Amino acid sequence: MSAIKDNKKDIEMDDQMIVSSCSLGETASDSKLLFDLGKLYNSIRMANMILYWDYYSSLIVNGWESLGIDCITGSAYGNEYYLHGKALARREAVGYALSEFKTNKTVEDYFD
């Protein structure tokens, strides 16, 4: 019986890592965008994002909010973005943010 419990714990831990890894990359990339647009003091390294998720993800949420976009970090399928209550794909959110500033960056600069 104990082995089944341990196995279940391992699966739950794996699921949490999968959920976290889906939006970790997006959130780190969002930090670069927000830094480039002057909304963050620095882009955030992936290691820091992993170690201090709550703190850094809240900075990302606040940065997006300053652009008029609501962002929900940590979704199982990546971050969620909303403009005036309408869901946006990440690509659309990045495009909108870039359109608000004069920059030589393109949407593709924030996608691998």
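This report walks through a predicted model of one protein chain, from its overall layout to its salt bridges, surface and strands.

## Overall layout

The protein chain holds four helices and three strands. Along the sequence, they follow the pattern α-α-α-β-β-β-α. Three helices thus come before the strands, and one helix comes after them, because that is how the pattern reads.

Of the 112 residues in the protein chain, 31% are buried. The chain exposes about 7400 Å². Carbon and sulfur atoms supply 54% of that area. Contacts across the sequence can also be sorted by separation. Among contacts between residues at least 6 apart, 48% join residues at least 24 apart.

## Lysine 32 and its surroundings

Lysine 32 sits in helix H1, which covers residues 2–36. Its relative accessible area is 37%. That value falls between the 20% and 50% cut-offs, so lysine 32 counts as partly exposed.

Which residues does lysine 32 touch, leaving out those up to four places away in sequence? They are Ser43, Lys105 and Tyr110. Asparagine 42 is another residue to look at here. Lysine 32 and asparagine 42 are 10 residues apart in sequence. In space, their C-alpha atoms are 7.7 Å apart.

## A network of three charged residues

The structure holds four salt bridges. Side chains of opposite charge can pair when their charged atoms come close. Lysine 32 and aspartate 36 make one such pair, with 3.3 Å from N to O. Both residues lie in helix H1, four residues apart, about one turn of the helix. An α-helix has 3.6 residues a turn, so residues three or four places apart point the same way.

Aspartate 36 also forms a salt bridge with lysine 105. There the closest N and O atoms are 4.0 Å apart. This pair links distant parts of the chain, 69 residues apart. Aspartate 36 is in helix H1, and lysine 105 is in the segment after helix H4 (90–99). Together, Lys32, Asp36 and Lys105 are linked in a network of salt bridges.

How accessible are the two partners of this second bridge? Aspartate 36 is partly exposed, at 27% relative accessibility. Lysine 105 is partly exposed too, at 32%.

## Helix H4 and its salt bridge

Arginine 91 forms a salt bridge with glutamate 108, and the closest N and O atoms are 2.6 Å apart. Arginine 91 lies in helix H4 and glutamate 108 in the segment after H4, so the pair ties together parts that are 17 residues apart in sequence. Arginine 91 is partly exposed, at 40% relative accessibility.

Helix H4 also has buried residues: Arg90, Ala93, Val94, Ala97 and Leu98. Seen down the axis of H4, they fall within an arc of 130 degrees, so they line one face of the helix.

## A nonpolar patch on the surface

Six names make up a nonpolar patch on the surface: Tyr41, Met46, Ile50, Leu51, Tyr52 and Tyr55. Together they have about 710 Å² of accessible area. Which helix gives the most to the nonpolar patch? Helix H2, residues 46–51, does so with three residues.

Tyrosine 41 belongs to the patch but is found in the loop between H1 and H2. Tyrosine 41 has 58% relative accessibility. The cut-off for exposed is over 50%, so tyrosine 41 counts as exposed.

## A buried serine in H3

Serine 57 is located in helix H3, residues 53–66. Is serine 57 buried or exposed? Its relative accessible area is 7%. Buried means under 20%, so serine 57 is buried. Leaving aside neighbours within four places in sequence, serine 57 is in contact with Thr27 and Thr73.

## Strands S1 and S2

Strand S1 spans residues 69–72 and has two faces. Ile69 and Cys71 are on the covered face. Asp70 and Ile72 are on the uncovered one.

Strand S2 spans residues 80–83 and runs antiparallel to S1. Four bridges join the two strands. One pairing involves a residue from the uncovered face of S1: aspartate 70 has tyrosine 82 in S2 as its bridge partner.

Key. Residues numbered from 1 in each chain as written. Predicted model: local features only at pLDDT ≥ 70, side-chain atom pairs only at ≥ 80, totals over all residues. Heavy atoms only, no water. Buried < 20%, exposed > 50% of the residue type's maximum accessible area, 1.4 Å probe, protein only. Contact = heavy atoms within 4.5 Å. Salt bridge = Lys/Arg side-chain N within 4 Å of Asp/Glu carboxyl O. Arc of directions from axis to C-beta. Patch = residues over 30% accessible without salt bridge, like charges linked within 9 Å, V, L, I, M, F, W, Y side chains within 5 Å. Areas by Shrake-Rupley, 256 points an atom, 1.4 Å probe, with all protein chains shown as cover. Pairing = 2+ DSSP bridges.
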